[in-house]
Amino acid sequence: MKKIMTPIVTVIALLTFSFAAVAQQNPARYFKRLDVNQDGAVTPDEFKAHSNLWMDKRGWTDEERRAKVHLSTFKKRDGNSDGEISLKEFIASS
Ligand SMILES: [Ca+2]
Ligand SMILES: [Ca+2]
């Protein structure tokens, strides 16, 4: 388990860093890009569209790995665990 966890943790750190790097420049604008239907909250599906792009760029084909990283990154952002990321939560986690 430890053997598997280490790369995943590294990947999450990298993913978080890459989000943070873009988000830091203008979190509100970045949030708008993620919030596809512009209702003020980013759902797992909206977030997934973004994760997928990120992972496709890196050639990730392992579905299990993609799902794991997607879920853990979303959970990190969803401060109150209501299943959506608000702008406030997004800025707080940027
Ligand atoms: Ca939305
Ligand atoms: Ca939330």
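This report describes the fold, helix packing, nonpolar core and backbone outliers of one protein chain. The model is predicted.

**Overall fold**

The protein chain holds five helices and two strands. Their order along the sequence is α-α-β-α-α-β-α. The chain has 94 residues, and 15% of them are buried. Among contacts with a separation of 6 or more, 54% join residues 24 or more positions apart.

**Packing of α3 and α4**

Helix α3 covers residues 44-57, and α4 covers residues 63-77. The two helices pack with their axes 10 Å apart and at an angle of about 125 degrees. Helix α3 is therefore oblique to α4, since an angle of this kind falls outside the roughly perpendicular range of 65 to 115 degrees and is not over 145. The crossing of the two helices is right-handed. On the α3 side the contact is made by Pro44, Phe47, Lys48, Ser51 and Met55, and on the α4 side by Arg66, His70, Thr73 and Phe74. By class, these are four nonpolar, three polar and two charged residues.

**The nonpolar core**

In soluble globular proteins, nonpolar side chains tend to be buried together. Here the largest nonpolar core has five residues: Phe31, Val42, Phe47, Ile85 and Phe90.

Phe47 belongs both to this core and to the α3 side of the contact with α4. Setting aside neighbours within four places in sequence, Phe47 is in contact with Leu34, Val42, Phe74 and Ile85. Of these partners, Val42 and Ile85 are also core members, while Phe74 is a residue of α4.

Phe90 lies in helix α5, residues 87-92. Phe90 counts as buried because it has 22 C-beta neighbours inside 10 Å, and the cut-off for a buried residue is 20 or more. With neighbours within four places in sequence left out, Phe90 is in contact with Pro27, Phe31, Val42, Arg77 and Ile85. Among these, Phe31, Val42 and Ile85 are core members.

**Pairs distant in sequence**

Three C-alpha pairs show how parts of the chain that are separated in sequence are placed in space. Two of them involve Phe90.

| Pair | Sequence separation | C-alpha to C-alpha distance |
|---|---|---|
| Lys32 and Leu87 | 55 residues | 8.7 Å |
| Phe90 and Val42 | 48 residues | 9.0 Å |
| Pro27 and Phe90 | 63 residues | 7.4 Å |

Pro27 is found in helix α2, as is Lys32. Pro27 has 18 C-beta neighbours inside 10 Å and so counts as partly exposed. Apart from residues up to four places away in sequence, Pro27 touches Phe90, Ile91 and Ser94. Lys32, with 14 C-beta neighbours inside 10 Å, also counts as partly exposed. Both values lie between the cut-offs, because exposed residues have 12 or fewer such neighbours and buried ones 20 or more.

**Residues with positive phi**

Most residues other than glycine have a negative phi. Which residue in the loop between α2 and β1 departs from this? Gln38 does: it is not a glycine, yet its phi is positive, at about 55 degrees. The loop that holds Gln38 runs between α2 (27-34) and β1 (41-42). Is Gln38 buried or exposed? Gln38 has 7 other C-beta atoms within 10 Å and is therefore exposed.

Ser81 is also not a glycine and has a positive phi of about 55 degrees. Ser81 sits in the loop between α4 (63-77) and β2 (85-86). With 8 other C-beta atoms within 10 Å, Ser81 is exposed. For both Gln38 and Ser81 the label follows from the cut-off, because a residue with 12 or fewer other C-beta atoms within 10 Å counts as exposed.

Key
Residues are numbered from 1 along each chain as its sequence is written. Chains are lettered from A and ligands numbered from 1 in the order in which they are written. This is a predicted model: local features need pLDDT of at least 70, side-chain atom pairs count only at pLDDT 80 or more; totals for chains, interfaces and linings use all residues. Helices (H or I, at least four residues) and strands (E, at least two) are DSSP runs, numbered from the N terminus. Two residues are in contact if their C-beta atoms, placed from the backbone, lie within 7 Å. Axes are lines fitted to C-alpha atoms, for helices over the stretch in contact, and angles run from 0 to 180 degrees between N-to-C directions. Angles under 35 degrees count as roughly parallel, over 145 as roughly antiparallel, 65 to 115 as roughly perpendicular and the rest as oblique. A crossing is left-handed if the near helix is turned anticlockwise from the far one by less than a right angle, and right-handed if clockwise. Ala, Val, Leu, Ile, Met, Phe, Trp, Tyr, Cys and Pro count as nonpolar, Asp, Glu, Lys and Arg as charged, and the others, Gly among them, as polar. A nonpolar core is a set of buried Ala, Val, Leu, Ile, Met, Phe, Trp, Tyr and Cys residues joined through C-beta atoms within 7 Å.
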